[in-house]
Amino acid sequence: MSTDKLMYIGGEWLESNSGQRFESENPATGEQLGTVPRGNGDDIAVAVAAAAEAFPAWRDTPPDARGRWLLRVAAALRARADELALLLATESGHYLGKAQGLVEFTAQNIEFHAGLADKARGATIPAGPGRLALTRLEPVGVTGHIVPWNYPLFLITRSVAPAIALGNTAVVKPAEQTPLMAVALAEVIDEVGLPAGVFNVVTGFGEEAGAPLAAHPDVRSITFTGSVETGQLVMRAAADHMAKLTLELGGKTPVIVFPDADVETVIEATMQGILSRCGQVCIAGSRLLVHDDLYDEVLEGLVERFGQVKLGDMLDPATQMGPLVSQEQLQRVEGYVEIGQQEGAEVLVGGGRPDDPQLQKGYFYLPTVLGNVTNEMRVAREEIFGPVLVAMRWRDEDEVIGMANDSPYGLAAAIWCKDITRALRVATRLEAGGVFVNEWIGEDFKAPHGGYKLSGIGRENGFECIEHYTETKHIAISLEDEKTENWCDAPL
Ligand code: ADP
């Protein structure tokens, strides 16, 4: 059933200034789900103005009260969990079982950040007997959030929740592939009654709505998650008005398997790492580096298990993997597998679309393993963002650390090694923002998340995100009644 929606600005439901609309579709079936306004720079200007108007009162709302507003949003999300999970399944291709878990994860994420509202604090500085010096964390003002389609609910709240908790107002530009999810979140927030203008959503395309949001001079911080190329554009736009920036970009996560690892566990975790969300995850474990002793055994197991993964209806509980998000994404994955073969890689399993005519209607691609890969190949260096694993052998610890670090990216890395001394030694030498040892965790909002090198700038989640959503003000106070020093003797 198709539904047509509006944008949420200043507590009101609005059409775009242009009057134009665009469709959101179901990537598993190609079915049209509904239309949303095609927002542009004019709409961004209205939304930023609404957020700026709401800012002083929100900044001055007691921190614990701001936190309680967010707790109400989390509760309201849970109350609508079934509906939101269904939308995640139909609009973005999360199968229903995972989608329900994601709504709960999102609610918990909001609750964590709600707690920052009255816990983020400054410091006193040992400035000497005649002076009291302290720092105060203050909100930055209007914050911009440019969000991708792979986790369309969680990734909005991951940055909006801390921004709002810490006294800022927010303008969100969701991805054009998943606008209905952002509108659904706005409906929840509207139902809760969050003060008008604190949270705003402008639906639209990247160049038409995302770019003007990044370039708007009144936007004081920008959180962007997406591709490196677009992140670089956002960074250039932010430079003109010196907005704070957090960029969470791509990755090519190395998964390093040592000879003492448990093969069954490695196989299961590797599948989760690359097939979860059909590989469309920035931290996807896409580069498997297996010690020569285990390489054949691990690859044999993976090939067998990849071939058994059940693709299908997103609402069927038996489904284990969904489609890619769009035709464009499908072509990208197909293109990379071809490039890999031209470079000399061998398709060990998968390497194409499923035969089932029902699945041909959507953007499904088979779980794929490429063998005979070297670290120099494009399939080993570039982010494919699909269910394609590249596998390589190694023999020596220094060699594998070199291979892992020889990448333009540095978002995450995984180590499978029972010798914990060795595992920790390797962990300290990897160039990655997150290192997972003997486990595959997707994301933990209590810990910082972000990358080295082309994977981005800044950290989201944990206490580390506070820096992005606050300005630090230093206040220096003289404790002396009279100034005794001659002005000429002062050091500066
Ligand atoms: P993808 O993740 O699909 O490769 P992007 O990184 O381009 O694509 O998209 C992530 C988000 O950035 C989306 O919300 C998209 O609309 C937005 N976006 C795309 N181009 C721009 C741009 N030039 N300026 C700002 N935002 C953009």
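**Group meeting: the ligand and its surroundings**

Okay, let's start right at the ligand: 17 residues surround it, and the ones that come nearest are Val147, Lys173, Glu176, Ser227 and Thr230. Keep in mind as I go that this is a predicted model.

So what is that shell made of, in terms of nonpolar, polar and charged residues? Nine are nonpolar, six are polar and two are charged.

Now the polar contacts. Glu176, which I just named among the nearest residues, has a polar side-chain atom 2.5 Å from an oxygen atom of the ligand. Trp149 also takes part through its side chain, with an N or O atom 2.9 Å from a ligand oxygen. With Gly206 the backbone is involved: an N or O atom there lies 3.3 Å from an oxygen atom of the ligand.

How much of the ligand does the protein bury? On its own the ligand would expose 550 Å², and 81% of that is buried by the protein.

As for where we are in the protein, the ligand sits in the largest pocket. Three elements give two or more residues each to the shell: helix α7 (206-215), strand β10 (219-225) and helix α8 (228-241).

Let me zoom out to the whole chain. In total there are 16 helices and 22 strands. The radius of gyration is 24 Å, and the globule rule gives 23 Å for 492 residues, so the chain is as compact as a globular protein of that length. If you're turning the structure on screen, the C-alpha trace spans about 80 × 55 × 35 Å along its principal axes.

That's my tour, thanks.

Key:
Residues numbered from 1 in each chain as written. Predicted model: local features only at pLDDT ≥ 70, side-chain atom pairs only at ≥ 80, totals over all residues. Heavy atoms only, no water. Near = heavy atom within 4 Å. Polar contact = N/O pair within 3.5 Å; in protein donor to acceptor, adjacent residues only side chain to side chain. Areas by Shrake-Rupley, 256 points an atom, 1.4 Å probe, with all protein chains shown as cover. 1 Å grid on protein atoms, 1.4 Å probe; cavity = no way out; pocket = protein on both sides within 12 Å on 5 of 7 lines; lining within 4 Å. Sits in = over half its atoms within 2 Å of the grid points. Helix = DSSP H or I, 4+ residues; strand = E, 2+ residues; numbered from the N terminus. Nonpolar A, V, L, I, M, F, W, Y, C, P; charged D, E, K, R; others polar. Rg over C-alpha atoms; globule rule 2.2 N^0.38 Å.
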